[in-house]
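Work through the exercises below with the model open. Try each task before reading its solution.

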Amino acid sequence: YFFNRDSSTPLWSYSTGGDVRSVSISADGEYTAAVSFDGDHKVYLFDKDSSTPLWSYYTGEAMLSVAISADGEYITAGSWSGKVYLFGKDSNTPLWSYSTGGRVLSIAISADGEYITAGSDDDKIYLFDKDSSTPLWSYTTGSWVYSVAISADGEYIVAGSYDKKIYLFNKDSKTPLWNYTTEGIVLSVAISADGGYIIASSSERVYLFDKYSSMPLWSYLIE
């Protein structure tokens, strides 16, 4: 379904051949990407004016995650079999794909599409640039990586893992700037556009950090 913020009535809807596992929208609202988990196993790109996809791409496998750059120029998607795909908005032919060692549970892309990060249940965090399917680096955590996020300029990457840790990286090194051990599995992370603040949610608490310290500014117990 595609909505305008001023109404609960959809502007349009589109039926895929299976469950829609993930969607992402460009900053200006012009483009929407979606992936189908079962049935048709496709990546879709739409513009806001039509329920007819601009294109779709058949992967032949369940798709778990998708993200689109702020300007809509680049779309990245992650699959059950461990593939990371990168597309340009003008073609359904992938610019490249890369096979990780596990399911790609989360994926994110910088605002300009230059950098892509992925989290996998092979216990790794990956960073790519848009010009190559060879990772700039990967980092092995203690368990599945459930959630990743990247700052708008691609300078900072944050990840949350089943090992109960939150990790912060600079794009130029696979050595974490810091990590923090929470009280539960880290299910979701997000980072501000400038990379200054990180928020994370575990199975126990919500945490807020700034980029300079692994000590939370505050945490809130989820009851």
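The exercises below use a predicted model.

**Exercise 1. Place S24 and decide whether S24 is buried or exposed.**

Solution.
- Start with the element. S24 sits in strand β1, residues 20-25.
- Next, take the relative accessible area, which is 16% for S24. Buried means under 20%, so S24 is buried.
- Now list the neighbours. Leaving out residues up to four places away in sequence, S24 touches Y31, T32, A33, V66, A67 and I68.
- Finish with the polar atoms. A polar atom of the S24 side chain lies 3.2 Å from the backbone nitrogen of I68.

**Exercise 2. Trace the pairing of β2, β3 and β4.**

Solution.
- Begin with β2 (residues 31-36) and β3 (residues 42-47). They pair in the antiparallel sense over 5 bridges.
- Pick one bridge: T32 has F46 in β3 as its partner.
- Look at the hairpin of β2 and β3. It has 5 residues between the strands, and G39 takes a positive phi near 75°.
- Move on to β4 (residues 55-58). β3 and β4 pair in the antiparallel sense over 4 bridges.
- Here the bridge partner of Y44 is S56 in β4.

**Exercise 3. Which parts does the salt bridge of D121 and R103 tie together?**

Solution.
- Check the distance. The side chains of D121 and R103 meet at 2.5 Å, N to O.
- Locate both residues. D121 lies in the loop between β10 (115-120) and β11 (124-129), and R103 in the loop between β8 (96-99) and β9 (104-109), so the pair ties together parts that are 18 residues apart in sequence.
- Add the burial. D121 is buried, at a relative accessible area of 15%.

**Exercise 4. Repeat the analysis for K130 and E114.**

Solution.
- These side chains form a salt bridge at 3.5 Å, N to O.
- K130 is in the loop between β11 and β12 (137-140), E114 in the loop between β9 and β10, so the pair ties together parts that are 16 residues apart in sequence.
- K130 counts as buried at 16% relative accessibility. E114 counts as partly exposed at 26%.
- Set this in context: the whole structure has 11 salt bridges. E30, K48 and D49 are linked in a salt-bridge network.

**Exercise 5. Which residues form the nonpolar surface patch, and is Y220 buried or exposed?**

Solution.
- The patch consists of Y197, I199, L217, W218, Y220 and I222, with about 620 Å² of accessible area together.
- The elements giving two or more residues to this patch are β18 (197-202) and β20 (218-221).
- Y220 belongs to strand β20. Its relative accessible area is 51%. Exposed means over 50%, so Y220 is exposed.

Methods. Residues numbered from 1 in each chain as written. Predicted model: local features only at pLDDT ≥ 70, side-chain atom pairs only at ≥ 80, totals over all residues. Heavy atoms only, no water. Buried < 20%, exposed > 50% of the residue type's maximum accessible area, 1.4 Å probe, protein only. Polar contact = N/O pair within 3.5 Å; in protein donor to acceptor, adjacent residues only side chain to side chain. Contact = heavy atoms within 4.5 Å. Patch = residues over 30% accessible without salt bridge, like charges linked within 9 Å, V, L, I, M, F, W, Y side chains within 5 Å. Areas by Shrake-Rupley, 256 points an atom, 1.4 Å probe, with all protein chains shown as cover. Salt bridge = Lys/Arg side-chain N within 4 Å of Asp/Glu carboxyl O. Pairing = 2+ DSSP bridges.
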